[in-house]
Amino acid sequence: MRNWLRNPSLVVLTAVLVAILFAPYVTRTSGQAPTTSAVPLTANGKPDFSGIWQANNTANWDILTHDSRPMVAQSGVYPNHPVPAAPVLTLGSVAWIPPGMGVVEGDDIPYQPWAAARKKENLENWLDRDPELKCYLPGVPRAMYLPFPFQIIQGPTKVMMIFEFADASRTIHLDKVAPYPNVAYMGSSVGRWEDNTLVVDTSNFTDHTWFDRSGNFHSDALKVVERFTPMNRDAILYEATIEDKQVFTRPWKMSMPLYRRLDKNARLMEFKCVEMTEENRLGYLRKEPLVKRWEGQTTIVEITRKELPPSVTYEERMHVSGNPPEK
Amino acid sequence: MKNRFLAVMGALALVAGVSVVALLGAGQAKAGAAIRTPWGEPDLQGIWYAYENAPLERPAQYAGREFLTDAEMKAKYGKRWIERVAEGFNDPSTRQGRDRREKAGTDEDVAGAYNALWTPGRDHIKPTRRTSLIVDPPDGRIPPMTPEGKKRADAFKDFQEALLQGTPMGKPGPLFSRRTEAPPNYNLGRLHRPPQGPEDRGRTERCLPLMMPSFGGRDYQRIVQSPGYVAIYYEASGHAGANRIIPVGEARQVPLPPHVRQWDGDARGRWDGSTLVVETTNFTDKTDYQGSHENLQLTERFTRVDADTIRYEVTVQDPTTWTRPWTVRADMGKQNEYENGLYEPSCHEGDYGLIGILSGARAADKAFKQGRGPDPWKVKVLYDEVPGAAGE
């Protein structure tokens, strides 16, 4: 550490790296023309939420306040300080999840005792259990804070939300429709206006979706009441009250802003992950496996990655990025 | 702020008033063009299904004729259908209730147990007199392929045929030497071999995305609009239905650069009078529509001809595949909004079929290896085409 500080070029390099890393965030806020605060309204005078939106938080990693941790961990030298394990070890700092403040009121989820144990078990088996990894439909509310944009097309009687992740979508019925006769990953949503707030009741869920990558879960008794309230032109206050008598001791609530994507070229693109996850899900059933080792249904992950030999010069080591200065 | 709000509301009231006058003026005709959204764009919203029960291409026996005769109609649809024509298919009572079952325990009931939920039931199919959905070229047939297109299509066909060589389904001879290799282009149907992996099976079995264009008795769609955007949800396709977002007007469009390719392509819309015109390009080389891949270009036209009908037309072109563009017309009927008969297919989440197919293939491999079963390459298999797969 002291050596590091004593080396002026390292300090400069670090400063430059930090500047580069944070540059997008700085320019994004300063580069956009300030928007007016007037909330767009529909023909019938209600807030028009049409547009492309995205949460900007770490709730999809963990809806509760969390420190950084390896995505997949193994014991380190100290029992309380795990290090990344094989599937993500090669990713370096990317193998660590971003820390973040929670989105749950009181920062506590009132699990029944059995459910608290199940949540812990889910987290320990994240790679095997998280429906997101299999490209299953994310459910509600998780779809709303995935690290992907979604687009709202707000019609007079239907509000359609289309999510970039998995090409998922939901239709919120503002008009009266027959009760949904089945369960659905994305649930069945009916909405109504309370002043300027769109209130959405969603039910008919499956018990196959999660709230985040930390194993927080629910049963098919889940009922979600969401409230979409404009904060200004470019932000929606999103609140979701979660009720599930089979899993929780009482209803609980999460809330967060959803931000309008102000990028001039904002648009949804395709993230159709069914095909992307085929090797992960079905690779063990290939005649000739692509992965080096499947033992039954278990992937034994082997990785090949090279560190520079200790003998390389300081300059060579610094230029490992592949961006050496021009000679 | 308040004044501006009042001004906006005043303008809207004026627009609404004008609309009412326009509707009154139209009288009983209720032309589709007069049906507008509250913000004044043509209104295509609702649940729609393609109901015209005509083949894509005109069968040889109807050559030179666009329509069936009365006798042919009767032969094709039976007495019941003729009666239904007389009843009038615009009667709302004949359109709703897609879940209506045949009498429990009958063959019709059992046969329809699964698929009837996802495809327009017999009661919804319009007994059209048209002999083909293709309206241009006038012969109702897909135009001839270019030499390049034919070469590409033949390469795939030849590969499929070669896979059968030496098996009970093909020509005699040794098994094809390249039988475990990847086919000449991305496979979306069923390869004629024991599945080596998921890629050997059909698009619908893998729950892969919608194959554009989608029309003609395959699908229910929901259209929702906001100012400048038209969103279409196709129920029975892809992972869990498929979504298209069509920005209408250049100001809202962010075209993809040529190197970005998508299953659904890149759709850009405009209003031509009261018709929504959608141009779609940027398809992937995995796309396979009638032998066209990444160079597929679609021009779709959605016109609300009356309250209950959208006329859907699509011009398909690909100069690397066909000698000329061709056009399909397939009208869509409106579905009951209250019944809201659209469901989440979650095809992928429930896809244990594919796991079963592949694990069956691996079990057969193992049995053969252990001398307990036949050589999987020597077993007779019926490689029927997958509904909705490439080339349909």
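A:D195 counts as exposed, with 8 C-beta neighbours inside 10 Å. In this predicted model, the residue sits in the loop between strand 7 (188–194) and strand 8 (197–203) of chain A. A:D195 is not a glycine, yet its phi is positive, at about 55°. A:C135 shares neither the loop nor the setting of A:D195. A:C135 is buried, with 25 other C-beta atoms within 10 Å. Its phi is also positive, at about 65°, although A:C135 is not a glycine either. A:C135 belongs to the loop between helix 5 and strand 4 of chain A.

That loop holds a further backbone feature. A:P141 is found between helix 5 (126–129) and strand 4 (150–154) of chain A. The peptide bond that joins A:V140 to A:P141 is cis, with omega about 10°. Chain B has a cis bond as well, from B:M212 to B:P213, with omega near -5°. B:P213 lies in the loop between helix 5 (147–164) and strand 3 (220–226) of chain B.

Chain A as a whole contains 8 helices and 13 strands. It has 327 residues, of which 28% count as buried. Among its contacts with a separation of 6 or more, 59% link residues 24 or more positions apart.

Nine of the strands of chain A form a closed barrel. The order is 1-4-5-6-7-8-9-10-11, and the pairing is mixed. On average, neighbouring strands of this sheet are turned by 30° against each other, direction ignored. One pair within chain A is formed by strand 8 and strand 9 (residues 223–232). The two strands pair in the antiparallel sense, over 5 bridges. A:D201 stands opposite A:V225, a residue of strand 9.

The two chains meet in a contact that takes 42 residues from chain A and 45 residues from chain B. On the side of chain A that touches chain B, at least two residues each come from strand 4, strand 5 (158–163), strand 6 (169–173), helix 6 (273–276) and helix 7 (278–282). The residues of this side divide into 20 nonpolar, 10 polar and 12 charged. For the complex, the predictor gives an ipTM of 0.86 and a pTM of 0.86.

Residues of both chains also appear in the largest nonpolar core, which has 99 residues. Those with the most contacts inside this core are A:F163, A:A168, B:V230 and B:A231. The element that gives the most to the core is strand 4 (residues 229–234) of chain B, with 6 residues. B:A231 has contacts in both chains. Not counting residues up to four places away in sequence, B:A231 touches A:I153, A:M160 and A:I162 in chain A. In chain B, its partners are B:V224, B:N243, B:R244 and B:I245. Another core, of 5 residues, lies apart from the largest one. Among its members are B:F159, B:L163, B:F176 and B:L191.

B:N295 gives a local view of another part of chain B. It lies in the loop between strand 7 and strand 8 (297–306) of chain B. With 16 C-beta neighbours inside 10 Å, B:N295 counts as partly exposed. That is because a residue counts as buried at 20 or more such neighbours and as exposed at 12 or fewer. Leaving aside neighbours within four places in sequence, B:N295 is in contact with B:D318, B:T320 and B:T321. B:N295 and B:F283 are 12 residues apart in sequence, and their C-alpha atoms are 6.8 Å apart in space.

Confidence varies along chain B. The average pLDDT of the chain is 83, and 77% of the residues score at least 70. Among the elements of chain B, strand 7 (residues 275–281) has the highest mean pLDDT, 98. Helix 1 (residues 2–26) has the lowest, 42. Over residues 112–116 of chain B, pLDDT stays under 50, and the model has 2 contacts beyond four places in sequence for them. Residues 386–392 of chain B also have a pLDDT below 50. Beyond near neighbours in sequence, this second stretch has 22 contacts in the model. Where pLDDT is low, the predicted coordinates should not be read in detail.

Notes
Residues are numbered from 1 along each chain as its sequence is written. Chains are lettered from A and ligands numbered from 1 in the order in which they are written. This is a predicted model: local features need pLDDT of at least 70, side-chain atom pairs count only at pLDDT 80 or more; totals for chains, interfaces and linings use all residues. Helices (H or I, at least four residues) and strands (E, at least two) are DSSP runs, numbered from the N terminus. Two residues are in contact if their C-beta atoms, placed from the backbone, lie within 7 Å. pLDDT is the predictor's confidence in each residue, from 0 to 100. Ala, Val, Leu, Ile, Met, Phe, Trp, Tyr, Cys and Pro count as nonpolar, Asp, Glu, Lys and Arg as charged, and the others, Gly among them, as polar. A nonpolar core is a set of buried Ala, Val, Leu, Ile, Met, Phe, Trp, Tyr and Cys residues joined through C-beta atoms within 7 Å. Two strands pair if DSSP finds at least two bridges between them. Axes are lines fitted to C-alpha atoms, for helices over the stretch in contact, and angles run from 0 to 180 degrees between N-to-C directions.
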